[in-house]
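Here's a walk through one protein model, strand by strand and ring by ring. Keep the 3D view open while you read.

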Amino acid sequence: VQLVESGGGLVQAGGSLRLSCAVSGYTFSSYDMGWFRRAPGKEREFVGYIRWNGDTFYAASVKGRFTISRDNNRNTVYLQMNSLKPEDTAVYYCAAATVTTTKDSEYEYWGQGTQVTVSS
């Protein structure tokens, strides 16, 4: 099983980035996909998820700014991040779960992470 994130980088506050997570090795369409992030010196936190059927749920801190989508034909999940703030700076991870959850402990598979840095 592989989850490979891409699309991270440096962006100014107010800017946008789109992260991708390409998946292989399991039946992508059967899994819920989550995004998490870990800021320097902080615990990993939930960002949002997209269910196998396309339903989404977001953390309050990103709701209205971030959008998760998935392409089951390409086995890829996306995180569109708009109106970025310096406090969004973190390593972003995608993860896969067979249950619908915000808890990182319940995700089975993880990517290696991609750095997002938002400058003020």
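Start with Gly-34, which stands opposite Tyr-49 in β5. A quick word of caution before going on: this is a predicted model.

**Around β4 and β5**

Strands β4 and β5 run antiparallel and are joined by 6 bridges. The hairpin they make has 5 residues between the strands, and in that hairpin Gly-41 takes a positive phi near 75 degrees. On to the next partner: β5 also pairs with strand β6 (residues 56–58), again in the antiparallel sense, over 3 bridges. If you want a spot to zoom in on, Ile-50 has Thr-56 in β6 as its bridge partner. The hairpin of β5 and β6 has 5 residues between the strands too, and there Gly-54 takes a positive phi near 100 degrees.

Is β5 mostly covered or mostly open? Mostly covered: of its 7 residues, 5 are buried.

**The aromatic rings**

A search of the whole structure turns up 11 aromatic pairs. Two that share Phe-36 are set out here.

| Pair | Centre to centre | Angle between planes | Type |
|---|---|---|---|
| Phe-36 and Tyr-107 | 5.1 Å | 80 degrees | edge-to-face |
| Phe-36 and Trp-110 | 5.1 Å | 50 degrees | tilted |

Phe-36 sits in strand β4 (residues 32–38) and Tyr-107 in the loop between β9 and β10, so that pair links parts of the chain that are 71 residues apart. Trp-110 lies in strand β10, so its pair with Phe-36 ties together parts 74 residues apart in sequence.

How accessible are these residues? Both Phe-36 and Tyr-107 are buried, and Phe-36 has a relative accessible area of just 1%. Trp-110, at 24% relative accessibility, counts as partly exposed, because buried means under 20%.

These three rings belong to one aromatic cluster made of Phe-36, Phe-46, Tyr-49, Phe-57, Tyr-93, Tyr-107 and Trp-110. So Tyr-49, the residue opposite Gly-34, turns up here again as a cluster member.

Which residue lies over the face of Trp-110? That's Arg-44, at 3.9 Å from the ring centre.

Thr-101 is worth a look while you're in this area. Thr-101 is found in the loop between β9 (90–97) and β10 (109–110), yet this residue is buried, with a relative accessible area of 7%. Setting aside residues up to four places away in sequence, Thr-101 touches Phe-46, Tyr-49, Glu-106 and Tyr-107.

**The four-stranded sheet**

Now for a sheet. Four strands make an open sheet with the order β1-β3-β8-β7 and antiparallel pairing. Its edge strands are β1 (2–6) and β7 (66–71), each of which pairs on one side only. From one strand to the next, the twist averages 15 degrees.

Strand β7 and strand β8 (residues 76–81) pair over 6 bridges in the antiparallel sense. Along that pairing, Arg-70 has Val-77 in β8 as its bridge partner. Arg-70 also has a ring contact to check: its charged end sits over the ring of Phe-28, 4.4 Å from the ring centre.

Two loop residues that flank this stretch have backbone angles to note. Asn-75 lies in the loop between β7 and β8 and has a positive phi of about 50 degrees although it is not a glycine. Ser-83, in the loop between β8 and β9, likewise has a positive phi of about 50 degrees without being a glycine. Both count as partly exposed: Asn-75 at 26% relative accessibility, Ser-83 at 41%.

**The nonpolar core**

The largest nonpolar core has 35 residues, and the members that touch the most others are Met-33, Trp-35, Leu-79, Met-81 and Tyr-92. Elements giving two or more residues to this core are β3 (17–24), β4, β5 (44–50), β7, β8, β9 and β11 (114–119). Which element gives the most? β9 does, with 6 residues.

Take Met-81 as an example of how such a residue is surrounded. Leaving out its neighbours within four places in sequence, Met-81 is in contact with Gly-15, Ser-16, Leu-17, Leu-19, Arg-65, Phe-66, Tyr-92 and Val-116. Of those, Tyr-92 is itself among the core residues that touch the most other members.

Note on methods:
Residues are numbered from 1 along each chain as its sequence is written. This is a predicted model: local features need pLDDT of at least 70, side-chain atom pairs count only at pLDDT 80 or more; totals for chains, interfaces and linings use all residues. Side-chain values use heavy atoms; hydrogens and water are left out. Two strands pair if DSSP finds at least two bridges between them. Axes are lines fitted to C-alpha atoms, for helices over the stretch in contact, and angles run from 0 to 180 degrees between N-to-C directions. Buried means under 20% relative accessible area, exposed over 50%, partly exposed in between (1.4 Å probe, protein chains only). Contact means heavy atoms within 4.5 Å. Rings of Phe, Tyr and Trp (its six-membered ring) pair if their centres lie within 6.5 Å; planes under 30 degrees apart count as stacked, over 60 as edge-to-face and the rest as tilted. A charge sits over a ring if NZ of Lys or CZ of Arg is within 6 Å of the ring centre and within 35 degrees of the ring normal. A nonpolar core is a set of buried Ala, Val, Leu, Ile, Met, Phe, Trp, Tyr and Cys residues joined through side-chain atoms within 4.5 Å.
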